[in-house]
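Please walk through this structure one part at a time, with the model open beside the text. The strands come before the helices, and the ligand comes at the end.

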Amino acid sequence: MSPGSARSGGPAGTGPPAVEIDGLAFAYPDGRQVLFGVDLAIARGERVAVLGPNGAGKTTLMLHLNGILTAGAGSIRVEGLPVAGPQLREIRRRVGLVFQDPDDQLFMPTVGQDVAFGPANLGVRGPELADRVAGALSAVGLAGYADRAPHHLSLGERRRAAVATVLAMQPDVLVLDEPSANLDPAGRRELAEVLGSLDLTLVMVTHDLPYALQLCPRSVILDQGVIAADGSTASLLSDETLMSAHRLELPFGFNPRHVLTDSGGVMP
Ligand SMILES: Nc1ncnc2c1ncn2[C@@H]1O[C@H](COP(=O)(O)OP(=O)(O)OP(=O)(O)O)[C@@H](O)[C@H]1O
(Lines give C-alpha, C1' and ligand atoms only; values in the text may rest on other atoms or scores of the structure.)
Protein backbone atom coordinates (compact mmCIF):
# COMPACT_ATOMS: atom_id res chain seq x y z
CA MET A 1 0.00 0.00 0.00
CA SER A 2 1.40 3.40 -0.89
CA PRO A 3 2.23 5.82 1.93
CA GLY A 4 -0.42 8.22 0.74
CA SER A 5 -3.34 5.83 0.77
CA ALA A 6 -5.82 5.35 3.58
CA ARG A 7 -4.82 2.20 5.44
CA SER A 8 -7.90 1.18 7.31
CA GLY A 9 -9.92 2.40 4.39
CA GLY A 10 -13.63 2.53 4.00
CA PRO A 11 -15.40 5.30 2.17
CA ALA A 12 -16.38 8.41 4.09
CA GLY A 13 -19.30 7.70 6.36
CA THR A 14 -18.69 3.99 7.01
CA GLY A 15 -17.36 2.57 10.29
CA PRO A 16 -16.47 4.82 13.20
CA PRO A 17 -15.57 8.41 12.32
CA ALA A 18 -11.89 9.05 11.60
CA VAL A 19 -11.96 11.61 14.39
CA GLU A 20 -14.62 12.00 17.08
CA ILE A 21 -14.26 14.79 19.63
CA ASP A 22 -16.85 15.08 22.39
CA GLY A 23 -16.97 17.92 24.89
CA LEU A 24 -13.23 18.60 24.74
CA ALA A 25 -12.13 21.17 27.27
CA PHE A 26 -8.55 22.11 28.02
CA ALA A 27 -6.58 24.57 30.16
CA TYR A 28 -2.80 25.06 30.00
CA PRO A 29 -0.87 24.47 33.23
CA ASP A 30 -0.80 28.23 33.88
CA GLY A 31 -4.59 28.01 34.23
CA ARG A 32 -5.47 29.60 30.89
CA GLN A 33 -8.60 27.87 29.61
CA VAL A 34 -8.41 27.57 25.83
CA LEU A 35 -10.97 24.95 24.77
CA PHE A 36 -14.50 24.99 26.18
CA GLY A 37 -16.36 21.90 25.06
CA VAL A 38 -15.45 21.19 21.44
CA ASP A 39 -17.63 18.65 19.60
CA LEU A 40 -16.46 17.57 16.17
CA ALA A 41 -16.82 14.41 14.09
CA ILE A 42 -14.80 13.91 10.92
CA ALA A 43 -15.60 11.01 8.60
CA ARG A 44 -12.93 8.85 7.02
CA GLY A 45 -11.58 10.48 3.91
CA GLU A 46 -13.04 13.89 4.72
CA ARG A 47 -10.94 17.02 4.34
CA VAL A 48 -11.71 19.65 6.91
CA ALA A 49 -10.17 23.09 7.40
CA VAL A 50 -10.09 24.56 10.90
CA LEU A 51 -10.44 28.33 10.57
CA GLY A 52 -10.56 31.07 13.17
CA PRO A 53 -8.83 34.17 14.50
CA ASN A 54 -5.47 34.25 16.27
CA GLY A 55 -5.62 32.70 19.70
CA ALA A 56 -8.86 30.80 19.03
CA GLY A 57 -7.33 27.50 20.13
CA LYS A 58 -6.76 25.90 16.71
CA THR A 59 -3.23 24.66 17.36
CA THR A 60 -4.24 23.57 20.86
CA LEU A 61 -7.04 21.50 19.34
CA MET A 62 -4.68 20.02 16.76
CA LEU A 63 -2.20 18.98 19.47
CA HIS A 64 -4.94 16.90 21.11
CA LEU A 65 -5.47 14.77 18.01
CA ASN A 66 -2.47 12.55 18.68
CA GLY A 67 -2.21 13.02 22.40
CA ILE A 68 0.57 15.63 22.60
CA LEU A 69 -1.89 17.47 24.84
CA THR A 70 -4.29 15.57 27.06
CA ALA A 71 -7.95 16.52 27.33
CA GLY A 72 -8.91 18.19 30.60
CA ALA A 73 -12.49 17.06 30.06
CA GLY A 74 -14.31 15.25 27.28
CA SER A 75 -12.91 12.65 24.93
CA ILE A 76 -11.19 12.16 21.58
CA ARG A 77 -11.32 8.99 19.53
CA VAL A 78 -9.50 8.18 16.32
CA GLU A 79 -11.21 5.43 14.36
CA GLY A 80 -12.84 4.31 17.57
CA LEU A 81 -9.62 4.22 19.62
CA PRO A 82 -9.39 6.58 22.59
CA VAL A 83 -6.54 9.09 22.35
CA ALA A 84 -5.26 8.14 25.78
CA GLY A 85 -3.40 5.52 27.77
CA PRO A 86 -2.00 2.39 26.18
CA GLN A 87 -3.40 3.26 22.73
CA LEU A 88 -1.20 6.35 22.37
CA ARG A 89 1.61 4.65 20.46
CA GLU A 90 -0.85 3.33 17.85
CA ILE A 91 -2.67 6.68 17.77
CA ARG A 92 0.61 8.47 17.05
CA ARG A 93 1.22 6.21 14.08
CA ARG A 94 -2.32 6.71 12.79
CA VAL A 95 -2.43 10.48 13.23
CA GLY A 96 0.40 12.33 11.53
CA LEU A 97 1.00 15.92 12.62
CA VAL A 98 2.80 18.32 10.31
CA PHE A 99 3.94 21.41 12.18
CA GLN A 100 4.13 24.88 10.68
CA ASP A 101 7.92 24.97 11.04
CA PRO A 102 9.38 22.03 9.07
CA ASP A 103 12.59 22.36 11.08
CA ASP A 104 10.63 20.90 14.01
CA GLN A 105 10.45 17.66 12.01
CA LEU A 106 13.71 17.63 10.04
CA PHE A 107 16.70 17.06 12.28
CA MET A 108 18.77 14.32 10.60
CA PRO A 109 21.73 14.89 8.23
CA THR A 110 19.74 13.80 5.16
CA VAL A 111 16.14 13.93 4.02
CA GLY A 112 16.11 10.14 3.60
CA GLN A 113 17.20 9.61 7.21
CA ASP A 114 14.50 12.01 8.39
CA VAL A 115 11.81 10.13 6.46
CA ALA A 116 13.13 6.76 7.69
CA PHE A 117 13.25 7.89 11.33
CA GLY A 118 9.60 7.27 12.27
CA PRO A 119 9.10 3.86 10.63
CA ALA A 120 12.55 2.71 11.83
CA ASN A 121 11.44 3.56 15.36
CA LEU A 122 8.46 1.26 14.80
CA GLY A 123 10.85 -1.54 13.89
CA VAL A 124 10.55 -1.33 10.10
CA ARG A 125 13.82 -2.42 8.48
CA GLY A 126 15.47 -3.39 5.21
CA PRO A 127 13.62 -3.30 1.89
CA GLU A 128 10.32 -2.31 3.52
CA LEU A 129 11.97 0.72 5.11
CA ALA A 130 13.59 1.66 1.80
CA ASP A 131 10.20 1.30 0.06
CA ARG A 132 8.52 3.47 2.65
CA VAL A 133 11.12 6.21 2.25
CA ALA A 134 11.02 6.09 -1.54
CA GLY A 135 7.21 6.00 -1.58
CA ALA A 136 6.83 8.91 0.83
CA LEU A 137 9.37 11.06 -1.04
CA SER A 138 7.71 10.25 -4.34
CA ALA A 139 4.26 11.13 -2.91
CA VAL A 140 5.50 14.64 -2.05
CA GLY A 141 7.37 15.18 -5.31
CA LEU A 142 10.82 14.77 -3.75
CA ALA A 143 11.99 11.53 -5.39
CA GLY A 144 15.75 11.78 -5.66
CA TYR A 145 16.09 14.04 -2.59
CA ALA A 146 16.95 11.27 -0.11
CA ASP A 147 20.63 12.19 0.10
CA ARG A 148 20.09 15.96 0.28
CA ALA A 149 20.65 17.88 3.50
CA PRO A 150 17.32 19.31 4.74
CA HIS A 151 18.87 22.69 5.51
CA HIS A 152 19.84 23.07 1.84
CA LEU A 153 16.23 22.80 0.67
CA SER A 154 13.79 25.64 0.05
CA LEU A 155 11.01 26.21 2.58
CA GLY A 156 8.52 24.63 0.18
CA GLU A 157 10.70 21.56 -0.23
CA ARG A 158 11.29 21.32 3.52
CA ARG A 159 7.58 21.49 4.18
CA ARG A 160 6.94 18.70 1.68
CA ALA A 161 9.78 16.71 3.25
CA ALA A 162 8.07 17.16 6.63
CA VAL A 163 4.87 15.76 5.09
CA ALA A 164 6.93 12.80 3.81
CA THR A 165 8.24 12.05 7.33
CA VAL A 166 4.63 11.63 8.39
CA LEU A 167 3.46 9.71 5.29
CA ALA A 168 6.23 7.16 5.85
CA MET A 169 4.36 6.16 9.02
CA GLN A 170 1.35 5.25 6.84
CA PRO A 171 -1.08 7.39 8.84
CA ASP A 172 -4.84 7.38 8.43
CA VAL A 173 -5.26 11.03 9.41
CA LEU A 174 -2.99 13.88 8.35
CA VAL A 175 -3.17 17.04 10.46
CA LEU A 176 -1.41 20.16 9.20
CA ASP A 177 -0.81 23.45 10.99
CA GLU A 178 -0.65 26.38 8.57
CA PRO A 179 0.73 24.36 5.66
CA SER A 180 0.86 27.29 3.22
CA ALA A 181 2.38 29.86 5.62
CA ASN A 182 5.27 31.84 4.08
CA LEU A 183 5.36 29.78 0.89
CA ASP A 184 5.82 31.54 -2.44
CA PRO A 185 3.06 30.97 -5.05
CA ALA A 186 4.86 28.04 -6.69
CA GLY A 187 5.63 26.39 -3.33
CA ARG A 188 2.03 26.89 -2.26
CA ARG A 189 0.74 25.33 -5.48
CA GLU A 190 3.19 22.40 -5.32
CA LEU A 191 2.13 21.60 -1.75
CA ALA A 192 -1.54 21.87 -2.72
CA GLU A 193 -0.95 19.36 -5.51
CA VAL A 194 0.61 16.96 -3.02
CA LEU A 195 -2.12 17.38 -0.41
CA GLY A 196 -4.85 17.14 -3.04
CA SER A 197 -3.44 13.82 -4.27
CA LEU A 198 -3.44 12.05 -0.89
CA ASP A 199 -6.14 9.53 -0.09
CA LEU A 200 -6.32 10.30 3.62
CA THR A 201 -8.48 12.04 6.16
CA LEU A 202 -7.09 15.56 6.24
CA VAL A 203 -7.44 18.23 8.93
CA MET A 204 -5.84 21.55 8.11
CA VAL A 205 -5.50 24.53 10.44
CA THR A 206 -5.13 27.60 8.26
CA HIS A 207 -5.56 31.35 7.90
CA ASP A 208 -5.26 30.91 4.12
CA LEU A 209 -8.92 30.89 3.18
CA PRO A 210 -8.44 30.30 -0.57
CA TYR A 211 -6.27 27.30 0.34
CA ALA A 212 -9.01 25.97 2.61
CA LEU A 213 -11.50 26.40 -0.20
CA GLN A 214 -9.25 24.69 -2.72
CA LEU A 215 -8.44 21.67 -0.57
CA CYS A 216 -11.22 21.20 1.98
CA PRO A 217 -14.90 20.84 1.03
CA ARG A 218 -15.79 21.30 4.72
CA SER A 219 -14.61 23.87 7.26
CA VAL A 220 -15.22 24.61 10.89
CA ILE A 221 -14.69 27.97 12.54
CA LEU A 222 -13.16 27.75 15.99
CA ASP A 223 -13.44 30.91 18.06
CA GLN A 224 -12.80 31.40 21.77
CA GLY A 225 -12.40 27.68 22.22
CA VAL A 226 -15.71 26.53 20.72
CA ILE A 227 -16.87 25.51 17.26
CA ALA A 228 -18.78 28.56 16.09
CA ALA A 229 -19.72 27.26 12.63
CA ASP A 230 -19.45 24.05 10.64
CA GLY A 231 -20.39 23.63 7.00
CA SER A 232 -19.27 23.67 3.41
CA THR A 233 -16.23 25.86 3.00
CA ALA A 234 -17.82 27.77 0.12
CA SER A 235 -20.95 28.55 2.14
CA LEU A 236 -19.04 29.65 5.25
CA LEU A 237 -16.70 31.89 3.26
CA SER A 238 -19.66 33.41 1.41
CA ASP A 239 -21.37 34.43 4.67
CA GLU A 240 -20.07 37.95 5.20
CA THR A 241 -21.72 38.36 8.61
CA LEU A 242 -20.21 35.12 9.88
CA MET A 243 -16.83 35.98 8.45
CA SER A 244 -16.61 39.39 10.06
CA ALA A 245 -17.94 38.05 13.38
CA HIS A 246 -14.87 35.77 13.52
CA ARG A 247 -12.28 38.15 12.07
CA LEU A 248 -11.99 36.19 8.83
CA GLU A 249 -11.26 38.10 5.64
CA LEU A 250 -10.94 36.94 2.06
CA PRO A 251 -8.30 38.46 -0.20
CA PHE A 252 -9.60 41.52 -2.06
CA GLY A 253 -11.71 40.52 -5.06
CA PHE A 254 -11.72 36.81 -4.17
CA ASN A 255 -15.08 35.16 -4.85
CA PRO A 256 -15.49 31.86 -2.99
CA ARG A 257 -18.27 30.85 -5.38
CA HIS A 258 -16.00 30.98 -8.43
CA VAL A 259 -13.00 28.90 -7.55
CA LEU A 260 -11.76 25.68 -9.10
CA THR A 261 -11.16 22.94 -6.56
CA ASP A 262 -8.12 20.66 -6.70
CA SER A 263 -10.30 18.09 -8.44
CA GLY A 264 -11.00 20.57 -11.23
CA GLY A 265 -14.66 21.28 -10.45
CA VAL A 266 -16.23 24.60 -9.56
CA MET A 267 -17.26 24.95 -5.91
CA PRO A 268 -20.98 24.23 -5.48
N1 LIG B 1 1.94 26.55 26.37
C2 LIG B 1 1.00 27.45 26.60
N3 LIG B 1 0.76 27.91 27.85
C4 LIG B 1 -0.20 28.81 28.09
N5 LIG B 1 -1.01 29.35 27.14
C6 LIG B 1 -0.80 28.93 25.87
C7 LIG B 1 0.20 27.97 25.53
N8 LIG B 1 0.15 27.76 24.20
C9 LIG B 1 -0.84 28.55 23.73
N10 LIG B 1 -1.41 29.26 24.73
C11 LIG B 1 -2.51 30.20 24.62
O12 LIG B 1 -3.64 29.51 24.17
C13 LIG B 1 -4.43 30.34 23.33
C14 LIG B 1 -4.74 29.59 22.07
O15 LIG B 1 -3.52 29.40 21.37
P16 LIG B 1 -3.46 28.55 20.03
O17 LIG B 1 -2.05 28.59 19.57
O18 LIG B 1 -4.09 27.24 20.24
O19 LIG B 1 -4.39 29.42 19.10
P20 LIG B 1 -4.49 29.47 17.52
O21 LIG B 1 -5.94 29.56 17.21
O22 LIG B 1 -3.74 28.33 16.92
O23 LIG B 1 -3.79 30.85 17.21
P24 LIG B 1 -2.96 31.36 15.93
O25 LIG B 1 -3.94 31.50 14.82
O26 LIG B 1 -2.45 32.67 16.39
O27 LIG B 1 -1.87 30.36 15.66
C28 LIG B 1 -3.64 31.62 23.13
O29 LIG B 1 -4.17 32.61 23.97
C30 LIG B 1 -2.24 31.26 23.56
O31 LIG B 1 -1.58 32.35 24.12
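In this predicted model, strand 1 (residues 19-27) pairs with strand 4 (residues 73-78) in the antiparallel sense, and 5 bridges link the two. Two of the partnerships can be looked up by residue. Ala25 has Ala73 of strand 4 as its bridge partner, and Glu20 has Arg77 of strand 4.

Strand 1 also pairs with strand 2, again in the antiparallel sense, this time over 7 bridges. The two residues just named turn up here as well: the bridge partner of Ala25 in strand 2 is Phe36, while the bridge partner of Glu20 in strand 2 is Ala41. Strand 1 and strand 2 form a hairpin with 5 residues between the strands, and in this hairpin Gly31 takes a positive phi near 100°.

Strand 4 has a pairing with strand 5 (residues 81-82), which is antiparallel and has 2 bridges. In strand 5, Leu81 is the bridge partner of Val78. Strand 4 and strand 5 also make a hairpin, with 2 residues between the strands; in it, Glu79 has a positive phi near 50°.

These pairings can now be put together. In what order do the strands of the open sheet of 4 strands stand? The order is 2-1-4-5, and the pairing is antiparallel. Strand 2 (33-42) and strand 5 are at the edges; each has a single partner strand, so one side of each has no neighbour in the sheet. When tracing any such strand, it helps to know that side chains in a regular strand alternate between the two faces of the sheet.

There is also an open sheet of 6 strands, ordered 6-7-8-3-9-10, in which the pairing is mixed. Its edges are held by strand 6 (95-98) and strand 10 (226-232); because each of these has a single partner strand, one side of each is left without a neighbour in the sheet. On average, neighbouring strands of this sheet are turned by 15° against each other, with direction ignored. One of the pairings in the sheet is parallel: strand 3 (residues 47-51) and strand 9 (residues 218-223) are joined by 4 bridges. Val48 stands opposite Arg218 in strand 9.

Next come the helices. The axes of helix 3 (residues 111-121) and helix 5 (residues 155-167) come within 7 Å and cross at roughly 30°. Angles under 35 degrees count as roughly parallel, and helix 3 and helix 5 are therefore roughly parallel to each other. The crossing of helix 3 with helix 5 is right-handed. On the helix 3 side, the residues that meet helix 5 are Val111, Asp114, Val115, Phe117 and Gly118; on the helix 5 side they are Ala161, Ala164 and Thr165. By class, the residues of this contact are 5 nonpolar, 2 polar and 1 charged.

Helix 5 also packs against helix 6 (residues 185-197), at an angle of about 20° and with the axes 9 Å apart. That angle makes helix 5 roughly parallel to helix 6. Here, too, helix 5 passes helix 6 in a right-handed crossing. Helix 5 contributes Leu155, Gly156, Arg159, Arg160 and Val163 to the contact, and helix 6 contributes Gly187, Glu190, Leu191 and Val194. The contact of helix 5 with helix 6 has 4 nonpolar, 2 polar and 3 charged residues.

The last stop is the ligand. Which residues are around the ligand? They are Tyr28, Asp30, Arg32, Val34, Gly52, Asn54, Gly55, Ala56, Gly57, Lys58, Thr59 and Thr60. Which element gives the most to this shell? Helix 1 (residues 58-64) does, with 3 residues. Sorted by class, the shell has 3 nonpolar, 6 polar and 3 charged residues.

Terms used:
Residues are numbered from 1 along each chain as its sequence is written. This is a predicted model: local features need pLDDT of at least 70, side-chain atom pairs count only at pLDDT 80 or more; totals for chains, interfaces and linings use all residues. A residue is near a molecule or strand if its C-beta atom, placed from the backbone, lies within 6 Å of it. Ala, Val, Leu, Ile, Met, Phe, Trp, Tyr, Cys and Pro count as nonpolar, Asp, Glu, Lys and Arg as charged, and the others, Gly among them, as polar. Two strands pair if DSSP finds at least two bridges between them. Axes are lines fitted to C-alpha atoms, for helices over the stretch in contact, and angles run from 0 to 180 degrees between N-to-C directions. Angles under 35 degrees count as roughly parallel, over 145 as roughly antiparallel, 65 to 115 as roughly perpendicular and the rest as oblique. A crossing is left-handed if the near helix is turned anticlockwise from the far one by less than a right angle, and right-handed if clockwise. Two residues are in contact if their C-beta atoms, placed from the backbone, lie within 7 Å.
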